[in-house]
Each structure stands twice: as C-alpha cells, then as structure tokens.
Amino acid sequence: MRLAPRLLGAAVLLGCAASAAAHVGHGVPRAGRSSAAGVPLDLYERHAAGSAVRHAKVARRRRSPAATAPTSEAQEAAITDETDACTPYSIPEVSALEGTFPTVWEIADILPGDVQAQGVWSAIQKSGIIPKSVKPKGTPDGDFDSFTPTYDQSNPDCWWTYEHCDVPKHPGIPDDIVGCPEPSTYGLTFDDGPNCTQQVLYDYLRDQKQKATMFYIGSNVMDWPLQAQRGLVDGHDICVHTWSHRYMTSLNDTQVFAELYYTAKAIKDVMGITVQCWRPPFGDVDDRVRAIATGLGLATIIWTDDTDDWQMKPAGKKSQKAIDRNYAAIIAGENSQKGNIVLAHELNNGTMHEFISQYPNIKARFDHVVPVFSCMNNTKPYLEDITYPSFEEYIAGGVASGLPGPDIKAVSTTYAPVLAQATSAASQQSAGAAGATKQNSTAAGKQSDQSAADGQKKSSASPAYSAFGAAMAVAGCGAVALMATL
Ligand SMILES: [Zn+2]
C-alpha cells in the first residue's frame, strides 16, 4: 500500500525535529585516512574523480564548434555518433544568458550587480534558518585532514560526510530523503548530467518506458542545454547538483547559495521549470548547507546504495567486474520491507552502458524501479503546472502531463523559488507519522538479503521521509511560504 500524502505531510513535520539521533556510517575518518574499523574510505578517491570530471570539461570546451551544430532538442536527441554529440555547439538563446551566470566550472558566487540573486539571498539570511554555529570545513576538493582531528565527534553539524548523518540537528531543516519508502523498490538516480553522450542512456530508458531522477550540474546545463532539455522532455525527474561540483561544506555561505541558486536558475531559463530538490556532490552536506538549500525550497536527496560506477576504467581505476559486483550486492539487497535509492552516474559511456547491462537484473529482482518523485508520491515537483505520476500511477504505466515538447526553447526569465521563512513555530512538531509503516503483499514472499540490506540506513517505518520544496516550506518546520518577487 502506498504511503498516503497526508502521512507524508505529517512526516514532514516530524522530519523537522532537531534530532540528536546518532548514525554510524562511513565517511571522513576522525583522524587520518581510515575509519575506526581501519577500512580505507573512498572520499579521497571521490575527490580525485571530481577533479577528473572538471578537467575533462575544461578540455572539451576548448574544441571548435561543429559546422553543423544542432539547434533544437529534437535535433540533438537524434545524434547517435558520440563525437558529433560531444562537439560543442552554441544556440543564441543560451548564449544570450551567459553574462547572467558565473563562469562554468568555477566556484559560483553572487554576481556583482545581480539584484535578484541578492534579494533572494537577503531573504534567506533574514529568515534565520542558517545555523551560525556551523562553519565551513576542509577544502573545495575534499581535503578535510586539517579539520576532522578537532571536530566534535558527536557530529553537531550533522555532517553527512563524517558519519552519514541525515537527520538535521538544527531546527527548521527537513531530514534528507535517503531511500524510497516503498518495499522492493529501486530508486533510480543518475548524477552529473546532462552528458553530451547521454543518448545511449536516454534512448534505452525511453525504449524501456523507464524514468529516472537526474541530478544536473549547472555548468553542464549551460554547456549542453539541448541535452538538459531532453531530460525534461523525456519525462525524467530534474534536480540540482550544484554549479561546479565541489565539496559544498567547504564553501562560504554566499558560495553555497550561489552554487544552488545559479544551477536552479539555469534549469529555469533553459528548461522552464523551478526545481525543488538537490543532491550534494559526494554527499557532502551539513546543517549549514542544508539550511541554505531549504531556504531555496530545495529538498536534500542522498542515497542508500552507491554503485561506485564512476570508478570504472578507463576514467577510474576499477574493473567493470568490480562494478558488476557492486550492482550485484545492491540487487541482492532487495528488501521486502523497504526500498532504496541508488546512486549511479551519467558520467561517461562506460557508466551508462554498465547500468544498461545491469538493468535486466534489477528489473528481475525488484518489484518496482522508479524515479524519486514517484517513489515519494510527489506529483507536483516543480512550481509550474506539470503533474508527475504518483507511485501507484507510475507503476501502472502513468507518465507526467504538462511537459514541454521537442520545441522547448531557453528563455531568460525570473527564477522565483519558494523561500522558507523560519518562525518561532519551527520548534513545533507532530507525532502523526509514526505509524507510516507499509506492507506490500507482492513483495512479502521475496527473499531479502539482510547483510546487504544492513547497508540501508532507513527503514520504511521511519518518519524521516520529507516531502519536497513548497510542501516542505509550507507544512514543515512552521515555515511560511512566499513567492519571491525579487
Ligand atoms: Zn556528482
């Protein structure tokens, strides 16, 4: 049975509790580069991968524009040759926007003279939602060696990277969305797009009638706007994955704001939607960063399971067989009591083909493979009049309505997020969602692999699932929603 929207609403209220619940997970070592159990952690490898991504993009942008460049989403979607697809192009409506955005792949900050951005930022600051006690940590490339030795081991910042904390400890901030509430449900997500060679993946998803949640990097949206438009036209979920893909907890307040703001604005200008969700690169988020995201109406989405597909050769150092084993462990962890959200990447052809090769195995084991909007029953994920299918509608073959078609055009417009305005009611809590346990008779007979399932941190009975954006601002945390008119 599907978790009813009213229970989700109640869950939102509970999700705003300033919880002191401790989570034991793997993250940055408290000292040195190994966990308490002596297991090497992948944070530094992720750092290396993040750098590789950026360098690849910079190199690519030095190439000459194609002689016969695509000018529409439909033209771009029809390109099957990888070299052609990754040849830079320029379309006038996007070129016209460039002066209103930070330099791609550089850490964003509020542009001088950007009155609109300044106004939104000022409103968030005045809301009081940003905890003053949480300071920037480490470097933008993820070196926390000088920070962690003196960091309070109780993890007062709810720093995910430290011990996978996903229940904020400061008021007014909803819990992270970590896993799908539905049993035997695989939450399908891809980070780091849009990718110039995404056609292989997007064509496959189209043919399989499969939707996914896409976390787009703002710089990639500006580099590959026609690919970005395809993600929406095809009916996938669209969320923010920051402007320059740095470790967000290292950035100062205005940089954190700008990384989110300009990515959301790029998505609004290029794709016409006001998004209400984001995922931190490397999962690196704490209560300060969460608060700024909440101020912009962005729900924080993490994951329960990581394919580590970015580590695949030749971009990474691991064999395809190693990534096969990661997928196998996730698939074996199928659980009749709860669902998951799985991290994968549209980073390169290798990661996309790896998913395609694993998809039949995923479908065979899980009752449902769904995008996050549907698994969270979020039918109004954007502020615009676009309706996505509920979970029940999605698994019955439902698709979104109100989406733009292939004639979608970028246009400079006002990005007007729902701003959260903290009030004294932030401490108000509700206990109404404690019974939000779900059963799925079709999944009940399946075997579950408890050892793999142990890697999942949330049970489906947890009240920690929060809704998105506007609902988060209105119903959760006693906040007052208002449309920015700045
Ligand atoms: Zn990423």
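## Where helix 11 meets helix 12

In this predicted model, four residues of helix 11, namely Asp253, Val256, Phe257 and Leu260, are in contact with Val289, Ile292 and Ala293 of helix 12. Sorted by character, the residues of this contact comprise six nonpolar, no polar and one charged.

## How the two helices cross

Let's turn to the geometry. Two packed helices are described by the angle between their axes and the distance between the axes. Here, helix 11 spans residues 253–271 and helix 12 spans residues 287–295. Their axes come within 10 Å and cross at roughly 45°.

What does that angle make of the pair? An angle between 35 and 65 degrees falls outside the parallel and perpendicular ranges, so helix 11 and helix 12 are oblique to each other. As for handedness, helix 11 passes helix 12 in a right-handed crossing.

## A closer look at helix 12

How many of the residues of helix 12 are buried? The count is nine of nine, so to speak of helix 12 as mostly covered is fair. The buried residues are Asp287, Arg288, Val289, Arg290, Ala291, Ile292, Ala293, Thr294 and Gly295. Among them, Val289, Ile292 and Ala293 also meet helix 11.

After helix 12 comes glycine 297, which has a positive phi, near 75°.

## The wider setting

Stepping back, the protein contains 19 helices and 10 strands. It has 486 residues, and 54% of them count as buried. Contacts between residues at least 6 apart in sequence are a useful last view: 81% of these in the protein join residues at least 24 apart.

Terms used
Residues are numbered from 1 along each chain as its sequence is written. This is a predicted model: local features need pLDDT of at least 70, side-chain atom pairs count only at pLDDT 80 or more; totals for chains, interfaces and linings use all residues. Axes are lines fitted to C-alpha atoms, for helices over the stretch in contact, and angles run from 0 to 180 degrees between N-to-C directions. Helices (H or I, at least four residues) and strands (E, at least two) are DSSP runs, numbered from the N terminus. Angles under 35 degrees count as roughly parallel, over 145 as roughly antiparallel, 65 to 115 as roughly perpendicular and the rest as oblique. A crossing is left-handed if the near helix is turned anticlockwise from the far one by less than a right angle, and right-handed if clockwise. Two residues are in contact if their C-beta atoms, placed from the backbone, lie within 7 Å. Ala, Val, Leu, Ile, Met, Phe, Trp, Tyr, Cys and Pro count as nonpolar, Asp, Glu, Lys and Arg as charged, and the others, Gly among them, as polar. A residue is buried if 20 or more other C-beta atoms lie within 10 Å of its own, exposed if 12 or fewer, and partly exposed in between; C-beta atoms are placed from the backbone.
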